[in-house]
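Biologist: Please take me through one sheet in close detail. Then set it in its wider context. Which residues pair, and what lies at the edges?

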Amino acid sequence: MKPRWPMIVLCISVLAASTYSYPTKDEYVVFADNNQKSTVPIVDTTERPLAPVKMTDMRVRSEVALRYARTLVVTRVHNPDKRAQEVTYRMLLPETAFISGFTMILSGKSYKAYVKEKEEAKQIYTQAVSQGIGAAHIATKARDSNHFTVSVNVEGNTTAEFEMRYEEFLVRRNGLYNHAINLHPGAFVPKMEVVVHIKESQKITTLRVPELRTGNEVDATEKDPQNKIAAIQRGTNEREATITFTPDIKEQRRLAAIYVDKTKEKSSSEKYIGYSSDEEEDDDDNTVLGQFVVQYDVDRTDNNEILVNDGYFVHLLAPTSLTPLSKYVVFVLDTSGSMMGRKIVQLRNAMEAILSDLKPNDYFSIVEFNSDVKVHELKEADEEPSPTNSHYYSYFESRPSTPVTLVPSSPATAQNIAKAKVIVSRLNASGGTNIFSALDVALNLVQKGAQKKNETEPLPKAAAVAVTSTEATQKKGKELEPIIIFLTDGDPTVGETNTARIITSITEKNSGEKRAALYSLAFGEDADRTFLRKVSLRNEGFMRHIYEAADAALQLHDFYRQVSSPLLSHVQFLYPSKQIKEGSVSKTQFRTINAGSEVAIVGQIADDVTELTPEVSGFCGNDDGVGRKRYQISPKVTVSRNKDESLPLERLWAYLTIKQLLDKRDADDDQSIDENSPEKKALAIALKYEFVTPLTSLVVVKPEQTNAVDVESVDKTSDDSSIAYQPIVGPRPPSAPRPNNAYLTSNFASFASSALLPDFYISSPRPITAKQPAYATTTAQSSDNIELYEWTESLLNPTNNSLVFNDDGTEVILELSSDVDPPKADGGDGECSNSTSTSSVGANENAGNVCVYLTRCYTARSITADDYQKSYCIVNNNNNRYAGICCARSEVDKNP
């Protein structure tokens with residue numbers, strides 16, 4: 001009887017991804033072992049030291065098309081010792097990204113992950129708990145990022161390769177798209193290369209590559225130092241650009257030193273732990289280089305753009321030439337006792353900068369709250385600080401039965417802003433956290449305070465027009481865009497403390513013509529981000545996490561800049577029902593579109609439609625800066641049924657649809673799950689497109705033995721809350737051997753809020769049976785490994801195992817090989833000629849380029865189908881025409 005493998009179960013928690021989502025708190029590693037012997041012996045290190053495992057390659061290839069980034073990270077490590085060693089590979093992913101593929105290549109065999117429904121994969125975890133679990137915490141954090149960790153046993157004198165794919169839509173902030181790639185290898189890498197290829201439909205106007213960032217900073221600006229060794233190559237049509245970054249060991253050491261210097265104030269528990277082997281504990285073990293960032297923007301001559309491809313469309317709108325709408329901003333600021341110290345100082349500094357950004361036609365109010373609620377009057381600045389000079393509204397257990405006289409809002413004149421800064425400078429922290437009363441007062445100000453102001457207060461001189469003062473103020477009050485900026489660092493502790501009732505009450509009250517957009521700022525780790533996210537989603541806004549760090553004031557100011565200049569309000573996109581497929585269009589109504597931002601609407605086009613004719617309507621500011629006027633456009637676009645591989649509209653549609661469905665689910669009170677619920681719809685799309693989301697799990701199966709645990713046959717537990725999500729924290733049991741299979745980890749926020757968290761698992765090894773999907777099989781039977789080349793899917797003809805495409809009207813059929821050794825051309829590798837290829841991959845003019853079978857070219861894994869059709873060639877072998885590619889000599893035969 002063959003020995004059985006131990007069962008290893010991994011739990012990875014990644015937060016719900018939305019454009020403005022909250023980050024995770026901790027990293028949680030879970031594994032289980034049934035104490036049975038492994039087929040791979042545990043290494044006895046008492047004989048002699050093991051030769052340390054080394055990372056040899058780290059290659060990142062990111063394809064960005066229409067703001068949609070698809071990134072492949074390939075990492076290789078080599079075990080030079082004769083004995084097997086366990087190594088750990090860790091990666092930091094953008095929080096808004098969905099993992100779309102993961103592959104391990106061990107001892108020449110490939111094991112590809114696949115996506116399963118969360119509840120189904122959870123069964124593995126349930127069984128693991130019943131057998132005993134050890135847990136460990138790694139308190140590594142980075143802003144707006146998630147952790148992914150894999151530990152595997154690498155046999156002696158072999159190389160292990162990890163391939164991670166993830167996808168994300170780049171959100172435009174302050175006029176720029178920021179594409180960030182975390183370079184946290186954990187060791188200096190002999191061969192490191194990052195290639196970012198951007199292909200847009202419009203001219204790329206701005207393109208910057210700042211010096212590597214720590215990942216814990218606000219977005220870089222044009223004043224920040226630029227990356228001197230990043231090579232930028234622009235395309236001839238100015239719509240494409242390729243950025244290449246290849247730091248050698250010397251440069252990596254320099255960057256690592258800068259990173260350490262920038263983060264030296266952090267405690268050792270906050271350092272990012274990267275790749276490591278158990279035997280390697282030197283200074284290189286925690287090497288972090290930083291965050292490689294590419295910033296760009298495109299031509300805005302036509303602010304409205306619609307693109308179609310293969311039955312899908314994307315409608316992009318980023319207005320730039322409109323007059324900003326005048327707004328009424330209510331700042332609701334938490335000054336409870338927990339804000340004492342650095343937080344309150346940072347709040348004062350941030351508010352001083354934010355007040356300076358108010359425009360002459362804006363109005364504002366400052367609401368301070370702790371146990372009480374206080375609406376400040378600007379005349380307080382001229383008096384000695386005293387509670388009697390301010391308006392206090394105390395709401396403890398119940399609200400007052402009689403209406404409260406509210407302080408009118410103030411126009412943003414230079415004099416008023418100066419007084420407001422004096423008031424802000426006097427803010428002090430004390431007391432509890434009366435969140436409900438603070439928001440209730442803010443809504444009273446929006447709905448009643450503005451009306452009171454209009455009856456008594458004229459417009460500032462800057463806004464004077466040829467109408468009477470009374471008429472102007474009345475018009476102004478009706479047409480101000482109401483915004484509530486709500487900052488808190490804790491939970492409600494005074495007055496109404498039930499967050500569900502707070503959300504319901506505030507949402508019901510915030511209605512009508514003066515419905516305000518509510519933006520929540522969760523300051524630090526103790527704020528209830530689940531509550532703040534929901535109350536914002538229900539009230540036309542979103543939640544943003546403000547990290548408790550030295551630059552918190554900058555974070556607050558940076559956030560305000562993103563929402564402080566509304567160009568359009570009450571925006572609606574209408575698509576003729578006969579032109580689109582029912583239920584396929586993403587969100588079409590937006591309360592505001594701010595300067596420097598962009599909205600994207602995606603959908604599917606109905607069959608036989610030849611033209612798409614939507615209408616876009618809303619309100620924009622008048623040219624004189626007072627009031628608003630109607631905004632309406634009617635763009636048209638011809639629908640082509642041709643398929644362009646460089647336009648990832650189908651995957652962009654899937655990505656944005658899932659994001660918005662999850663937002664809708666999180667905002668709804670009704671959590672019932674039926675076939676038409678947002679959760680069920682999001683799950684179906686995630687499974688179809690193999691996205692790892694809060695509803696799906698990534699499963700890696702390593703087939704080896706026949707008597708291992710079967711994922712699909714494990715009984716489902718009846719009490720998930722007490723078993724599947726109960727954190728069991730403690731060391732590994734002394735009797736449990738160190739696991740020799742793989743396990744995955746990521747950020748662990750809170751098992752209590754597990755409904756928002758996806759889990760990743762790796763099961764014990766088992767054979768692949770007919771029940772498994774085709775893409776979960778091992779490729780040990782063939783060295784072709786063609787499934788690693790995702791771009792081949794659109795060209796593959798499985799009937800005759802070939803790639804088929806059209807080249808200038810001629811059908812090209814190229815065979816694929818299933819032999820152990822990749823085919824080589826009769827007479828050896830020949831140089832590429834212009835007659836066989838228009839371009840090459842991994843090109844190096846000095847080294848020359850040769851025509852080789854595509855699996856022999858390392859770079860061929862990270863190209864697109866469009867790239868291949870431009871660089872293909874034919875490998876003639878024994879009268880067979882095999883799929884070749886024009887490849888740089890230096891890239892040939894790098895695969896294991």
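Modeller: Start with one pair: Val571 has Phe590, in S30, as its bridge partner. This is a predicted model, where local features need pLDDT of at least 70 and side-chain atom pairs count only at pLDDT 80 or more, while totals for chains, interfaces and linings use all residues. Residues are numbered from 1 along each chain as its sequence is written, and side-chain values use heavy atoms, with hydrogens and water left out.

Now widen the view. Strand S29 covers residues 566-574 and pairs with S30 over 5 bridges, in the antiparallel sense. (Strands are DSSP runs of E, at least two residues, and helices are runs of H or I, at least four, numbered from the N terminus; two strands pair if DSSP finds at least two bridges between them.) The open sheet holds 4 strands, ordered S30-S29-S33-S34, with antiparallel pairing. S30 (589-594) and S34 (628-633) are the edge strands; each has a single partner strand, so one side of each lacks a neighbour in the sheet. On average, neighbouring strands here are turned by 25° against each other, direction ignored.

Next, a helix pair. H7 spans residues 499-509 and H8 spans 529-537; they pack at about 15°, with axes 10 Å apart. (Axes are lines fitted to C-alpha atoms, for helices over the stretch in contact, and angles run from 0 to 180 degrees between N-to-C directions.) H7 and H8 are therefore roughly parallel, a label for angles under 35 degrees. The crossing of H7 past H8 is right-handed, that is, the near helix is turned clockwise from the far one by less than a right angle. At this packing, Thr499, Ile502 and Ile503 of H7 meet Phe531, Lys534 and Val535 of H8. Contact means heavy atoms within 4.5 Å.

One more strand residue is worth a look. Glu815 sits in strand S41, residues 810-815. Glu815 counts as partly exposed because its relative accessibility is 29%; buried means under 20%, exposed over 50%, partly exposed in between (1.4 Å probe, protein chains only). Beyond neighbours within four places in sequence, Glu815 touches residues including Asn801, Tyr853 and Arg881. Asn801 is 14 residues away along the chain, yet its C-alpha atom lies 6.4 Å from that of Glu815.

Last, the whole chain. There are 12 helices and 45 strands. Of the 896 residues, 59% are buried. Among contacts between residues at least 6 apart in sequence, 80% join residues at least 24 apart.

How values were computed: Angles under 35 degrees count as roughly parallel, over 145 as roughly antiparallel, 65 to 115 as roughly perpendicular and the rest as oblique.
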